[in-house]
Amino acid sequence: MVKIVAHRGWSGKAPENTISAFKLAMTDPDIPYIELDIHLSKDGVPVVIHDHTLERTTNGRGLVKDYTLEQLRQMDAGSWFAPEFAGEQIPTLNEVLELIKGRCMLHAELKVMGDEYEGIEAAVIASIMRLGMQDEVILSSFDHDSMKRAHELNPSIKTVLILLGKSTLIMEQLRHTGATGLSIHYAFVTRPLVEEMTAHGIDLGLWTIDEPDTLAAIIAQYPDIRITTNYPDRILSIIRDKVSI
């Protein structure tokens, strides 16, 4: 069965990367994974937001890293999506971990850009270990050096490399970093790639698919793959319609 990853929570129904979006994703037991994005506040606290800047999803301005946690918590991260979400805050990673502990798996993407967030891997891993959730969290990043650092800090926590396209020497990259998973844009998935990853025990995931026709085509071709989506209900509908036939 397809493994559903709720992208930034159930972000088709609630403001992305908020407690409301994560709670919605946990309302259906057939959604086993939640995905979120992590930055560091000025005072070094892992916070959950996608962009490096604040304008798109909050009423703040500027870079996330230029504000302390206390300052970030004063910003509204919900009104941009719909009035009923006014007052939603930027969550901390600790808050989300406490919310989902024992309920679902978490795919946590570290939004590393150069040396902007020095120490982010150690800070995130400390939060995970504090709650004993090393088996419930999977770390990922486009920055493969970051995943290598995370693996070296704590090999018990699984890591995933994210690629925009189908790179060459994929297995070499995975071995070099210690990663056991790969996430690529769905447009680059091929049968040989799926077979290669399966043969090496690599967990392969596709991001981010929302269109019903595309979802149906991917599920028909790769019925056991991991799919990240803003609309988990669309995948669930396809799966449940097949079961009812």
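User: In which sense do β5 and strand β6 pair, and over how many bridges?

Analyst: In this predicted model, β5 and strand β6 (residues 158–163) run in the parallel sense and are joined over four bridges. One pair to look at is Leu139, which stands opposite Thr159 in β6. Between the two strands the chain passes through α5, going from β5 to β6, and this β-α-β crossover is right-handed.

User: What pairs with β5 besides that strand, and in which sense?

Analyst: Strand β4 (residues 105–110) pairs with β5, also in the parallel sense and over four bridges. Here Ala108 stands opposite Leu139 in β5. The connection from β4 to β5 goes through helix α4 (residues 120–130), and this β-α-β crossover is right-handed. Leu139 thus serves as a landmark: it faces Ala108 and also Thr159 in β6.

User: How many residues of β5 are buried, and which way do they point?

Analyst: Strand β5 covers residues 137–141, and five of its five residues are buried. Val137, Leu139 and Ser141 point one way, while Ile138 and Ser140 point the other way. Residues on both sides are buried.

User: How many residues of β6 are buried?

Analyst: In β6, five of the six residues are buried, so the strand is largely enclosed by the rest of the structure.

User: Where does the chain go after β6, and what is the hand of that unit?

Analyst: β6, α6 and β7 form a β-α-β unit, and it is right-handed. Strand β7 (residues 181–185) pairs with β6 in the parallel sense over four bridges. Leu161 has Leu182 in β7 as its bridge partner.

User: Now the helices. What describes two packed helices?

Analyst: The description uses the angle between their axes and the distance between the axes. Take α4 and α5: their axes come within 9 Å and cross at roughly 45°. The two helices are therefore oblique to each other. Their crossing is right-handed. On the α4 side the contact is made by Glu121, Ala122 and Ile125, and on the α5 side by Ser146, Arg149, Ala150 and Leu153.

User: At what angle does α5 pack against helix α6?

Analyst: α5 and helix α6 (residues 170–177) pack at about 40°, with their axes 8 Å apart. That angle makes α5 oblique to α6. The residues that meet are His144, Met147, Lys148 and His151 in α5, and Gln173, His176 and Thr177 in α6.

User: How are α3 and α4 oriented to each other?

Analyst: The axes of α3 and α4 come within 10 Å and cross at roughly 30°. This makes α3 roughly parallel to α4, because an angle under 35 degrees counts as such. The crossing of α3 and α4 is right-handed. Leu93, Asn94, Leu97 and Glu98 in α3 meet Val124, Ser127, Ile128 and Arg130 in α4.

User: Which residues of α4 are buried, and what covers them?

Analyst: The buried residues in α4 are Ile120, Glu121, Ala123, Val124, Ile125, Ser127 and Ile128. Their cover includes β2 (33–40), β3 (46–48), α3 (93–100), β4, β5 and α5. Just after α4, Gly132 takes a positive phi of about 65°.

User: Can we read single residues too? Why does Lys148 count as partly exposed?

Analyst: Lys148 lies in helix α5 (residues 144–153). Its relative accessibility is 23%, and the band for partly exposed runs from 20% to 50%, so Lys148 falls inside it. Leaving aside neighbours within four places in sequence, Lys148 is in contact with His176 and Thr177. Lys148 and Met105 are 43 residues apart along the chain, and their C-alpha atoms are separated by 21 Å.

User: Where is Val5, and why does Val5 count as buried?

Analyst: Val5 is found in strand β1 (residues 3–6). Val5 has 1% relative accessibility, which is why it counts as buried. Not counting residues up to four places away in sequence, Val5 touches Tyr33, Ile34, Glu35, Arg226, Ile227, Thr228 and Thr229. The C-alpha atoms of Val5 and Glu109 are separated by 13 Å, with their positions 104 residues apart along the chain given as the separation in sequence.

Note on methods
Residues are numbered from 1 along each chain as its sequence is written. This is a predicted model: local features need pLDDT of at least 70, side-chain atom pairs count only at pLDDT 80 or more; totals for chains, interfaces and linings use all residues. Side-chain values use heavy atoms; hydrogens and water are left out. Buried means under 20% relative accessible area, exposed over 50%, partly exposed in between (1.4 Å probe, protein chains only). Contact means heavy atoms within 4.5 Å. Two strands pair if DSSP finds at least two bridges between them. A crossover is right-handed if, with the strands pointing away from the viewer, the path from the first strand over the helix to the second runs clockwise. Axes are lines fitted to C-alpha atoms, for helices over the stretch in contact, and angles run from 0 to 180 degrees between N-to-C directions. Angles under 35 degrees count as roughly parallel, over 145 as roughly antiparallel, 65 to 115 as roughly perpendicular and the rest as oblique. A crossing is left-handed if the near helix is turned anticlockwise from the far one by less than a right angle, and right-handed if clockwise.
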